[in-house]
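Here are a few short exercises to work through with the structure on your screen. Try each one yourself before reading its solution.

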Amino acid sequence: MPLILQVVLSFIWWAIGFPVVWIIVTPVIFVISIFGKGSYWTKIKTYYGAATEFWKELGILLVP
């Protein structure tokens with residue numbers, strides 16, 4: 001039973017943490033995307049993709 005509970009809590013942590021990470025990085029992404037070469041929208045998509053990959057890789061490792 002503890003294993004099932006840990007899996008469920010890990011999923012809930014991942015599902016809640018993912019939008020929180022996006023909310024936190026949104027202002028940073030918008031400001032950083034202003035500078036540099038390339039299209040503003042392309043850079044935004046790239047940075048959001050990087051934030052998603054970050055949470056995919058490290059979100060499970062950061063389970064409380």
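**Exercise 1. Find what percentage of the protein's residues count as buried, and how the accessible surface is made up.**

Solution. This is a predicted model, and its protein has 64 residues, of which 20% count as buried. Next, look at the outside: the accessible surface comes to about 5,000 Å², and 81% of it belongs to carbon and sulfur atoms.

**Exercise 2. Decide whether the protein is a compact globule or more spread out.**

Solution. Begin with the parts list: the protein has two helices and zero strands. Now compare two numbers: the radius of gyration is 15 Å, while the globule rule gives 11 Å for 64 residues, so the protein is more spread out than a compact globule. The box filled by the C-alpha atoms, taken along the principal axes, is roughly 50 × 15 × 15 Å.

**Exercise 3. Check the end-to-end span of each helix against 1.5 Å a residue.**

Solution. Take helix α1, residues 2–34, to start with: its 33 residues should span 48 Å, and its end C-alpha atoms are 47 Å apart, which agrees. Along the way, α1 has a kink of about 40° at V25, shortly before the proline P27. Then take α2: its 19 residues should span 27 Å, and its end C-alpha atoms are 27 Å apart, which agrees as well.

**Exercise 4. List the buried residues of each helix and say what they pack against.**

Solution. In α1 the buried residues are S10, G17, V21, T26, I29 and S33, and they pack against α2, residues 40–58. In α2 the buried residues are K43, I44, Y48, A51, T52 and W55, and these pack against α1. A helix rule is handy when you look at the spacing in such lists: an α-helix has 3.6 residues a turn, so residues three or four places apart point the same way.

**Exercise 5. Describe the surroundings of S33.**

Solution. Locate S33 in helix α1. With a relative accessible area of 1%, S33 falls under the 20% cut-off and is therefore buried. Look next at its side chain: a polar atom there lies 2.7 Å from the backbone oxygen of I29. Finally, leaving aside neighbours within four places in sequence, S33 is in contact with Y40, K43, I44 and Y47.

**Exercise 6. Follow the chain out of α1 and into α2, noting a backbone angle and a polar contact.**

Solution. Just after α1 comes G36, with a positive phi of about 95°. At the start of α2, a side-chain oxygen of S39 reaches to within 3.4 Å of the backbone nitrogen of W41.

Key. Residues numbered from 1 in each chain as written. Predicted model: local features only at pLDDT ≥ 70, side-chain atom pairs only at ≥ 80, totals over all residues. Heavy atoms only, no water. Helix = DSSP H or I, 4+ residues; strand = E, 2+ residues; numbered from the N terminus. Expected span 1.5 Å × (residues − 1). Bend = angle between axes of the 7 residues up to and from the residue. Buried < 20%, exposed > 50% of the residue type's maximum accessible area, 1.4 Å probe, protein only. Contact = heavy atoms within 4.5 Å. Polar contact = N/O pair within 3.5 Å; in protein donor to acceptor, adjacent residues only side chain to side chain. Rg over C-alpha atoms; globule rule 2.2 N^0.38 Å. Areas by Shrake-Rupley, 256 points an atom, 1.4 Å probe, with all protein chains shown as cover.
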